[in-house]
Amino acid sequence: MPTGKETHTDQAKPHRWGMVVDLDRCTGCEACVVACHAENNIAVSNPEEAARGRVNHWLRVDRYYEGQFPDVKVKYRPVLCQHCDEAPCEPVCPVNATYHNPEGLNVQVYNRCVGTFYCANNCPYTVRSFNWFDPQWPEPMQLQHNPDVSLRPGGVMEKCTFCIQRIKRVEESADAGSRPVADGEVQPACVQSCPAEAMVFGDLNDPDSKVSRLAGDGRATKLMEELGTKPKVVYLDRAR
Amino acid sequence: MAEHPELLPYGIIREDLFRPLSRAGSKWWFTVTVCFLLVLAGLAAWGVQLRDGLGVTGLNRPVFWGLYIVDFVFWIGISHAGTLISAILRLTDAAWRKPVTRAAEAITLFALMIGGLFPIIHLGRAWFFYWLIPYPNARLMWPNFRSPLVWDLVAILTYVTGSAIYLYLPLIPDMAQLGAHNKPWRRKLYTTLSLGWTGSDREWHALEMAMKLNAVIILAIAISVHTVVAWDFSMSIAPTWHSTMFGPYFVVGAIFSGIGALIIVMATLRRTLHLENYLIKRHFDNMSKLMLTMSLLWFYFTMSEHITIWYGNEPKEMGVFGQRTRGDYAFWFWTMVVVNFVIPVTLLGIKKLRSITTAVIASFGVLIGMWLERYLIVVPTLVTPRLASATSVYSPSWVELMITVATFAAMILLYLLFARLFPIIAVWEYKPHSPEEED
Amino acid sequence: MFLIAEYRSKDALVEALLALKGAGLTAEDLAVFSEEPIEFRKGILDRHSNMSKAAVAGAVTLGTLATWFVYYAQHNYELITGGMPIFSFWATGIITYETTMLGAVLATFFWFLWESGLIRRRDPEAPIPVIGPASMSLRVKCDSARADSFVETLRRTGAIKTERRGK
Amino acid sequence: MERRNFFKILSTASAGAVATSCGTSTDALIPLLVPEQDLIPGVEYWHPSVCTACPSGCGVLARVMDGERIIERISVERSTAGKTEKLRQRLAAIKKLEGNPLDHVSGGRLCARGQASVQSLYNPDRLRGPMKRSGVRGEATFQPISWKQAIAEASDQLLKIKAEAADRIAIVTGPGANTRTLALRGFAKAIGAPEPVVCSVASWAAERKAAELALNWQGLPFYDVTNARHILSVGADFLGGWISPVHYARQFGAFRQARTEIRGYLAHAESRLSITASAADQWLPLKPGSEAQFLAAVGRILLDLNLAPKASSVPAGVLAAFRGFDLAALIAATGIDERRLRQAVEQLGRSEGPLVLAGASSIHTNSVDAIIASHCVNMMLGNIGAPGGILPPAKAAIEPLTNPRFAEALSQARAIILDEANPLYTAPKSAHIKEALTKAGFVLSFATTLDDSAAWADLILPAHHSLEGELAVAPSTASRVSLAVGGAFVQPLYETQAVPATLAALAAGMNVTFQPATAKEIAEPLLPKDLPWETVVREGGFHADPGLPSVPAPKSKPAAKAVSSPATFSVNPAKFEGDGPFLLQPYLSPQLHDGSLSNLPWLQECPDPASSAVWSLPVEIDPVTAQKLGIASGDNVKLESATGSITVPAYIHPGAVPGVLSMALGGGHQHFGRYASGRGANPLEILALAHEPATGDLATGATRVRLTRIGPGKDLIQYSAEDKEERPHAHR
């Protein structure tokens, strides 16, 4: 009989991780995209598969053009899993492969995933990616694999985890030192890499954290907030 | 005489209807072989997919559902031919139903078996499909009962069980009769399956009682099953899928395509098994009228589905609407309207044009149209996701096409085998009685 | 002791049934065998059936069990998904409905098997008449003492053939 | 410093103390090479190093953990003797590169290219050891050879040529300033060969030259973007393909949003909608090559509007030159609407902290003029040496090589040594590199992966990856003396050798005295007394405090003198070669840089910011031209110059300047491993042989081309094909 118990979100731990992306700082350089690949062992496809739309990015930078020459504007927006509080992807998974962890993260448990694709269809942000084949790592590329992140077999869905492995490392080291996790101590790979420091990560439960302060900024918006997904990624619009 | 097949001498009826069981022509063998080979090819394609991964399909980000889901909805829709139609006819005690019901019920069972496979074929890790079933396991996990896919599983299992019983019950008396005179292996099969049926009034009474009850229950199940299938879509928040109307819309579509399948099967049986005396023009006429009704209903639903999207002019929904009505899928959309509405209404609505041939032509159109309808529900929504940057295209791969073709072959194969093993028309229901007794 | 009589017409059969019942036999002692169902008016050969009650019972049982099970399973491993409550009748309603229907189907089926006698032990003594198209057989269970008078009744009502079996 | 970074450095700093105490906590660090037996699964070690993906010199931290690889070796077991057997080898592996927070260039940040450079370390196509040509030169057939034999053969060959004509030994390298280039320079000197030449389209020679001519500064000026309030950047894609993208992107972030009341305003004038133009508040689309005219107009308008407070500091001759310009002609040359241009200049002039930042991301024949003009404008605005202005470059810890005339050097070379340079790719066909490589008596390459030019080598002596050996890099832009250093902390994967060591071995083979300078030897004379070398190694480099004797004071006076010389200041129109109706504008890809990173799958799959192309790079065509020629996105088109043609997929870019065909570099490698070989086309190939006269640098933007549609193609692979955020939902 199943006996595993997981705590209820309502009795949450002190942290509620969130991110702020300042679009006024973002240059669209995509350092975050590569950082994410380097950190999370994301499989690289090949030109043939890429042409079929099978490129996997947990974090992408959407780019849109507005207007006509010479008044063309480009909008870049890094889009990653929004870690919705009311995530549409979660209830539809028949095997609980995606669910809400106690810290409010929307996590994907690869081992449970059978690949129904339902979560990906129900994600309004289209941030989930699928392993169409078993990933290939020609020798010695596997040396680069981050041992903190599991490799995903073919047939499972995957997505941004807010670099949960980094969160865990910091929390463990904080626990070991019996000290609280300091603001800015946890940095997902994308946040860490961003040259313009457009991304800020932190605890939304802590009103004094940088991320909480920025989330209260007048420029703050959330992507497709009207869907009621309650995303935990906040975008600061470009100042005009 | 052909207007009233019930008036044929019982002996002739029995002989006519049992004859196909003991004789197989070369055409039968040919078709069975071809279908069998196609099914093998489909299995091989599935094998390739299992070995290499779902990458061998045309699916991509964000078109995560494709032909398999289209086929799934299509076959589940076809399954409504049988049980639902036969149950309605049974409950209304429409006497003309008698040669039709078993043919219809068999379609249901086989279409369900085939349709039920698609969610498994579609899985990224198909070998773990049983993880959806709630049973105590080493993973210490129960499935997520909030997921429409688990609803699907329960609904389809219920429907399969119900329709298998519904098909089986009226077969018992026929098998009891067949058990008396046949080859040894067949005799064994029939006597085992007929459970020692003696034909006592007690048995008959229980059978009729059970059939009546089951007809009521199966109606309730059939409607719910296709509603749950529709809810796979409408429970999600994808543009145009999130519609309150999808439940009834899918049910109507399912019955519509089911009737189409039934008419084709009836016409084929009539021709190949020489049942001209049993499946008469009146049957086709009645089925045509039923189909005409469903065509109008279908059009009404399609219309109200699209007009509300258009009028609301919500950008994300309009993106899909645009794709369907004047974008990449416009040709298929308008083809669907023609074959699902214009052709059936013309051919079957005008009395002069209504005939067995036109009914069959319209039915083929409806099958194609309803398949297209599912394609047009699944794919355009997915290729136009909410964030424009994720926009994509989809074209099915050879694996998906092969598996799709194989399922049609499987349907034909199963039907051919069934028609060789069991009387396709319930013989016992053909008791001779005068036409006045009819309601 | 069993008597078997073959009839060709339903009217004759009905007459025989009425006469036998008038002679004190109950519906339990009588059985009609035919290749197709014969419908009798009420009061001729009533067979009482509890099948609908069984169906309702099966439906309620399985539906309740399934609902309880879902409740148990979801609380056994409390995973919050999408902000939905751990257990909600909205979401579980579908499963309750489907399992209720499944319960009804299964109960009907098994009740049919039971009530029809197909899976009950039959009286090894009771003979099963051979029936053919358009013929009906009436089997009467009676004391051997009264057998002669019943045979007489059967013949009188138009049985084309009568037979005595057993003791 | 952020806390995480602080911990990281703490772990590095406390290394010596805990190294002996088993080192179970994350504070453990094993100095230098990490031996396998000390690897603890799951324990991470952070080691400082330097990124060499481009010459910016970003200090990085490498995350080292245990890894496993399969190696093949000849069995020595009696039963299977002689057969190759596969063994698992456990070794310290670099998992990730992050910016070193103590480094002043990266500041703890790193760009896409830097992050991906770990993939060049673990690239499956790396050469496993020395290779000797076995077929005809250029056929790229090689066979393995031992180091001993390879060094012997190479020194023999070089010795022979040295004896005949030492001045015809051409050493070709990249634009970096590091221990490797220093060793090359020393080796050249030791064997009597000419100084190594630089083969690159990203050496920023024009920026250097202009600073020298206008301000008498040696090196690349340091723009204090962080403290500026209003920036007008001209021709410099400083957030993407320019001197130091990470550094300037860092500054840009702060410029925009780090100050509570002030938000920096960026106006950007460039002939391409680069990522800098995208990030800018206003983009002024210039005609290619009109940067000089544009800046002259800016100066003139500022003077006219009396918005040049420090005009008095500008030499009279220069002011006179500005006042003498025909403004209408200048504005017409830029192709920008006059009202818009005047508005932009007025905004700049009225700002409290204006800054003009000019560069040559695309090099034209008048690029130096343009940058000199920008310095003059900055002078008028009082920006020289001021906070929020242009700061003088510090004395370079390692002088970069600056001679860009590699084509001449190669054309007469008897022996060619290639290191970190790929002239066959970087130079146009018209430079006749292939002929030079065919003709040369001996071609030696130090390539780590077989690239286009290494395919023509007689011998390849593969170098270590820069993360595998000791290294010191002088950042390309710094206002204080600085040096980034990296130690050797992982075992080299293959039988490779650091270039300085190879050069020393060659020198020894040639009986020449040559000892390459180590990082320590370079750094020690520059270090303050209280900064021990060990600290420098632990922190990954040093960044001298201002006020140290080694930091030169800004010298604006002589600069003014230089500017006042009419010979060095004029606005020449850019010259274009050929006769097509379109201008070809190759540019540094934000992902693949100058094509030297094309073999990294992460970068190949990172969508191009303009076209969202992956695994392919299209030519960007403006919608009007495309409509006229009937070209759609994804069609194959032919670009034809006077010297050749290439076939590329088209991308209809809504922001492309009409008449300009921009194309990112990175495609068209003939040989560059499995991820790059045979993919796409190289726009450099068809460039005319035009040069920037003051520097001798290849003018990359000076070629006219014809454009013809070939037909539909499948070569454009887009990650996201949609350009517009809102789908049309017309109510019909």
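A residue here counts as buried if 20 or more other C-beta atoms lie within 10 Å of its own. Keep that cut-off in mind for the views below, and remember that this is a predicted model.

**View 1. Helix H9 of chain B sits inside the structure.** Of the 34 residues of H9(B), 27 are buried, so this helix is largely enclosed by the rest of the structure. H9(B) covers residues 201-234 of chain B. At 1.5 Å a residue, H9(B) should span 50 Å, and its end C-alpha atoms come out 48 Å apart, which agrees.

**View 2. Helix H6 of chain B, another enclosed helix.** Look at residues 148-168 of chain B for this one: H6(B) has 21 residues. From first C-alpha to last, H6(B) reaches 29 Å, close to the 30 Å expected at 1.5 Å a residue. As for burial, 15 of the 21 residues of H6(B) make the cut, so it too is largely enclosed by the rest of the structure.

**View 3. How far to trust chain B.** Chain B has a mean pLDDT of 88, and 95% of its residues reach 70 or more. The stretch to be wary of is residues 433-439 of chain B, where pLDDT stays under 50. For that stretch of chain B, the model has five contacts beyond four places in sequence.

**View 4. Chain A on its own.** Six helices and ten strands make up the secondary structure of chain A. Its radius of gyration is 18 Å, close to the 18 Å that the globule rule gives for 240 residues, so chain A is as compact as a globular protein of that length. Along its principal axes, the C-alpha trace of chain A spans about 65 × 50 × 35 Å. Of the 240 residues of chain A, 60% count as buried. Take the contacts in chain A with a separation of 6 or more: 63% of them come from residues 24 or more positions apart.

**View 5. Where chain A meets chain D.** Five pairs of chains touch, and the pair with the most contacts is A and D. Here 52 residues of chain A are in contact with 61 residues of chain D. On the chain A side, helix H1 (31-40), helix H2 (47-51), strand E2 (60-66), strand E3 (73-79) and helix H5 (189-193) each supply at least two residues. H1(A) gives the most to that side, with seven residues.

**View 6. Strands E2 and E3 of chain C, zipped up antiparallel.** E2(C) takes in residues 30-34, and four of its five residues are buried, so this strand is largely enclosed by the rest of the structure. Five bridges join E2(C) to E3(C), residues 136-141, and the two run antiparallel. To pick out one bridge, find C:Ala31, whose partner in E3(C) is C:Arg139.

**View 7. The two domains of chain C.** Domain 1 of chain C is made of two segments, 2-35 and 131-165, while domain 2 of chain C runs over 51-115. Taken over C-alpha atoms, the centres of these two domains are 47 Å apart.

**View 8. Chain C against chain B, and clear of chain D.** In this contact, 43 residues of chain C are in contact with 43 residues of chain B. E2, helix H2 (51-76) and helix H3 (89-115) of chain C each supply at least two residues of the side that touches chain B. The largest share of that side, 15 residues, comes from H3(C). Chain C and chain D, on the other hand, do not touch: their nearest C-alpha atoms are 27 Å apart.

Conventions. Residues numbered from 1 in each chain as written. Chains lettered and ligands numbered in written order. Predicted model: local features only at pLDDT ≥ 70, side-chain atom pairs only at ≥ 80, totals over all residues. Expected span 1.5 Å × (residues − 1). Buried ≥ 20, exposed ≤ 12 C-beta atoms within 10 Å, placed from the backbone. Rg over C-alpha atoms; globule rule 2.2 N^0.38 Å. Contact = placed C-beta atoms within 7 Å. Pairing = 2+ DSSP bridges. pLDDT = per-residue confidence, 0-100. Domains from an automatic or database assignment.
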